[in-house]
Amino acid sequence: MREKEPIHKLLEIMAALRTPETGCAWDLKQDFQSIAPYTIEEAYEVIDAIERGDMAELKEELGDLLLQVVFHARMAEEQNMFNFSDVAQAISEKMVRRHPHVFHDETDPSAQKEDAIRQNWEEIKQAEKRDKGKTQDSLLDDIPLALPGMTRAVKLQKRAAKTGFDWQEAAPIFDKLEEEIAELKAALQEAETPQKQAHIQGEFGDILFVMANLGRHLKLDPESAIRTTNQKFTNRFQFMEEKAKAADKDLSNYTSDELENLWLAAKNEIG
């Protein structure tokens, strides 16, 4: 007998896991809300494998992410809402619809230009929402709240920029950053009140929002940038731990100056 296609085998595995009485107790008790955090986690693990250039792990992580799609689709099928085939059909139709320059007769050469493609994508996307009866009171209404903060900040800024509400270059953003830092410093000097911490948090958030805007103008993804820096910090700190272990010491027993020297050594040796 011919072996089943891998995707069909995966769908059967998920169906078995969710079968009452004979399925997996953990899988059976899950719902959309409980699985959602795992979906986000798996997406980040895909990004991590890409940024490390580990293609073998990327294959595995993409499988984990696909499992999340299959899991959600299976739960929806159990409730007679939709199934995996419906999901695949919907995205296939959407991709064809949003790429008329590829799947339909496009005689205008300008339609193949990147800016025109992006503009066309947005126009088709908005038309789809109108066809579904979805209306927006604001340009910003459909930007998901659940996005990582810096990613959402960039999307908010890009959408607002469509109206012309944007800096034309990066230079003035540095002035805005200095202004926001000064406001945070001023908030720190305020008298102690129940509202002080909220004010400080607000001013700190303003700085992060400006940094997201600066990254956007520099053609940098702030989320990617901070992940790179997080990894750099991790590498350097682990170097410090290894040096301390080799000396049969604990980092907590080092003086501030000794820790600084270890940090500088890490920077010099591993970058």
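Biologist: Which residue follows H3, and what is the sign of its phi?

Modeller: In this predicted model, the backbone just after H3 can be described by the phi angle of one residue, whose value lies near 70 degrees. The residue that follows the helix is Gly53, and the sign of its phi is positive.

Biologist: How far apart are the end C-alpha atoms of helix H3, and what span should its 20 residues have?

Modeller: Helix H3 covers residues 32-51, and at 1.5 Å a residue its 20 residues should span 28 Å. This expectation agrees with the model, because the end C-alpha atoms of H3 are 29 Å apart.

Biologist: Where around the axis of H3 do its buried residues lie?

Modeller: The buried residues in H3 are Ile35, Glu42, Val46 and Ala49. They cover an arc of only 65 degrees around the axis, so they lie on the same side of H3. Among the elements that cover these buried residues are helix H2 (25-28) and helix H4 (55-78). The arc asked about is therefore one of only 65 degrees.

Biologist: Which backbone nitrogen does a side-chain oxygen of Asp31 reach at the start of H3?

Modeller: At the start of H3, the side-chain oxygen of Asp31 comes to within 3.1 Å of its partner. That partner is the backbone nitrogen of Gln33.

Biologist: Which exposed residues does H7 carry on the face turned away from its buried side?

Modeller: In H7, the residues Ile124, Glu128 and Lys129 are buried. Seen down the axis of H7, these buried residues fall within an arc of 140 degrees, so they line one face of the helix. The face turned away from that buried side carries the exposed residues Asp115 and Arg130.

Biologist: Is His99, in the loop between H5 and H6, buried or exposed?

Modeller: His99 is placed in the loop between H5 and H6, and, leaving aside neighbours within four places in sequence, His99 is in contact with His104 and Trp121. Its relative accessibility is 18%, and because a residue under 20% falls in the buried class, His99 counts as buried.

Biologist: Which elements give two or more residues to the largest nonpolar core?

Modeller: The largest nonpolar core has nine residues, including Ala170, Ile173, Leu184, Ile200 and Leu214. Ile173 touches, among others, Val210 and Leu214, when residues up to four places away in sequence are not counted. The elements that give two or more residues to this core are helix H9 (171-188) and helix H10 (196-217).

Key. Residues are numbered from 1 along each chain as its sequence is written. This is a predicted model: local features need pLDDT of at least 70, side-chain atom pairs count only at pLDDT 80 or more; totals for chains, interfaces and linings use all residues. Side-chain values use heavy atoms; hydrogens and water are left out. A nonpolar core is a set of buried Ala, Val, Leu, Ile, Met, Phe, Trp, Tyr and Cys residues joined through side-chain atoms within 4.5 Å. Buried means under 20% relative accessible area, exposed over 50%, partly exposed in between (1.4 Å probe, protein chains only). Helices (H or I, at least four residues) and strands (E, at least two) are DSSP runs, numbered from the N terminus. Contact means heavy atoms within 4.5 Å. The expected span of a helix is 1.5 Å times one less than its number of residues. The arc is that of the directions from the helix axis to the C-beta atoms. A polar contact is a pair of N or O atoms within 3.5 Å; within protein, one must be able to donate a hydrogen and the other to accept it, and residues adjacent in sequence count only if both atoms are side-chain atoms.
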